[in-house]
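Hi,

Here is the structure I promised to pass on to you. My notes on what turned up in it follow below.

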Amino acid sequence: MSASARSEGPPRASSAPLGGSALHGVFSKSGEAKSVGAPYSLELKDLRKSFGKTEIIRGANLAVKPGEGVAIIGPNGAGKSTLFNLISGRFEPTSGDVLLNGQRINGKKPFEINRMGLSRSFQITNIFPKLSVFENLRCGVLWSLGYKYTFFKFLADLDDANERAEKLMAMIKLDKKHDVLATNLTYAEQRALEIGITIAGGAGVILLDEPTAGMSRSETSRFISLIKEVTVGNTLLTFE
Amino acid sequence: MVFGLADKIAVVVYGEVIAYDTPEAVRADKRVQEAYLGSSVADAQAGGH
């Protein structure tokens, strides 16, 4: 499978934008924060993280170019989850740096990092089971724009949010499930919805935690094609 | 695994990125083989003892 993926050349950066850039037209919030022209989307520089006396991340270095798809693999306990949490802002590094589009993000809060253009997948429990597919996506769009408490701003931009949620729904191929409650979706559909919510803000860098965990082989291959499609042009890191 | 999504693979072992390259190059990397299979297997594959 990987051999065929390689033979397509460097496909992620060169194909027509369906994902991030196509959606940036509707909202530019994350686009604004992006410093264009940084050689790397994401950089880890001698990153270290200790819990008590135990050093879990021991000088990790990585430089991911814009548009690259990277799978982070390693034996159990190697520190993959810790890395995921360090990059997405849940943990603060003990030392070293995490750079997003050339800007230091260590010490920033997850939502700040999100606004700067990095979006991470959430666990399946983070979709709203009693809301429809459409409503879930619209929440994702509005949340990514920081409309939690600014109600008047919220109303003004609701049309845009609706439009964008519709677009996302088509991208993740759930447009026929517009009004279906998330709880009534199949597992694979719920994971697709989760991807939709993750890319809702139009972030340039997407982090996915075990994206195909719990899926059957056929679901997995379909899901991989879907992720490929909706993240074209984006930098994608998957943690296995 | 979603190798199908990956232009590159980063292998994390003991909190360090020990390899970062194309899937083929990573698969051929001796340190990666050692991490996953143990050093004796990697030595055997490399024609060592």
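The contact between the two chains draws on 34 residues from chain A and 23 residues from chain B. On the side of chain A that touches chain B, the elements giving two or more residues are α1 (2–7), β2 (54–64), β3, α5, α11 (217–230) and β8 of chain A. Of these, β2(A) supplies the largest share, with 8 residues. By type, the residues on that side of chain A split into 18 nonpolar, 8 polar and 8 charged. Please keep in mind throughout that this is a predicted model.

The part I enjoyed most is a sheet built from both chains. It is an open sheet of 6 strands in the order β6(A)-β7(A)-β8(A)-β3(A)-β1(B)-β2(B), and its pairing is mixed. The edges are held by β6 (118–120) of chain A and β2 (16–21) of chain B; each has a single partner strand, so one side of each is left without a neighbour in the sheet. From one strand to the next, the twist averages 20°. Helix α5 (residues 80–88) of chain A packs on this sheet, where it touches β3 (69–73), β6, β7 (205–209) and β8 (235–239) of chain A as well as β1 of chain B. The direction of α5(A) makes about 145° with that of β7(A).

Where do the chains join within the sheet? β3(A) and β1(B) pair there, in the parallel sense, over 4 bridges. Along this pairing, Ala71(A) stands opposite Ile9(B), and Ile73(A) has Val11(B) as its bridge partner.

On its way to the edge of the sheet, β1 (residues 8–13) of chain B is joined by 5 bridges to β2(B), and these two strands run antiparallel. Here Ile9(B) stands opposite Asp21(B), while Val12(B) has Val17(B) as its bridge partner. Ile9(B) thus has Ala71(A) opposite it in one pairing and Asp21(B) opposite it in the other. The hairpin of β1(B) and β2(B) has 2 residues between the strands, and Tyr14(B) takes a positive phi near 45°. Helix α2 (residues 30–37) of chain B lies across both strands, running at about 125° to β2(B).

Is β1(B) buried or exposed? In this strand 6 of the 6 residues are buried, so β1(B) is largely enclosed by the rest of the structure. Lys8(B), Ala10(B) and Val12(B) point one way from the strand, and Ile9(B), Val11(B) and Val13(B) point the other way. Lys8(B) is worth a look on your screen, as this charged residue is among the buried ones.

Val11(B) comes up again in the largest nonpolar core, which has 67 residues: together with Ile72(A) and Ile172(A), it touches the most other members. Setting aside neighbours within four places in sequence, Ile172(A) is in contact with Ala192(A), Leu193(A), Ile195(A), Gly196(A), Leu226(A) and Val230(A). As background, nonpolar side chains tend to be buried together in soluble globular proteins.

Now for chain A itself. This chain has 11 helices and 8 strands, and buried residues make up 43% of its 240 residues. Counting contacts in chain A between residues at least 6 apart in sequence, 72% join residues at least 24 apart.

There is further strand pairing in chain A. Strand β1 (residues 42–51) of chain A is joined to β4 (residues 95–100) of chain A by 5 bridges, and the two run antiparallel. β4(A) also pairs with β5 (residues 103–104) of chain A, in the antiparallel sense and over 2 bridges. Leu99(A) in β4(A) stands opposite Glu43(A) and also opposite Arg104(A) in β5(A). β4(A) and β5(A) form a hairpin with 2 residues between them, and Asn101(A) in the turn has a positive phi of about 50°.

Lastly, a helix: α7 (residues 133–144) of chain A has 12 residues and reaches 17 Å from its first C-alpha to its last, close to the 16 Å expected at 1.5 Å a residue. Its buried residues include Val133(A), Leu137(A), Arg138(A) and Val141(A).

Happy browsing, and do write back with questions!

Best wishes

Notes:
Residues are numbered from 1 along each chain as its sequence is written. Chains are lettered from A and ligands numbered from 1 in the order in which they are written. This is a predicted model: local features need pLDDT of at least 70, side-chain atom pairs count only at pLDDT 80 or more; totals for chains, interfaces and linings use all residues. Two strands pair if DSSP finds at least two bridges between them. Axes are lines fitted to C-alpha atoms, for helices over the stretch in contact, and angles run from 0 to 180 degrees between N-to-C directions. Two residues are in contact if their C-beta atoms, placed from the backbone, lie within 7 Å. A residue is buried if 20 or more other C-beta atoms lie within 10 Å of its own, exposed if 12 or fewer, and partly exposed in between; C-beta atoms are placed from the backbone. A nonpolar core is a set of buried Ala, Val, Leu, Ile, Met, Phe, Trp, Tyr and Cys residues joined through C-beta atoms within 7 Å. The expected span of a helix is 1.5 Å times one less than its number of residues.
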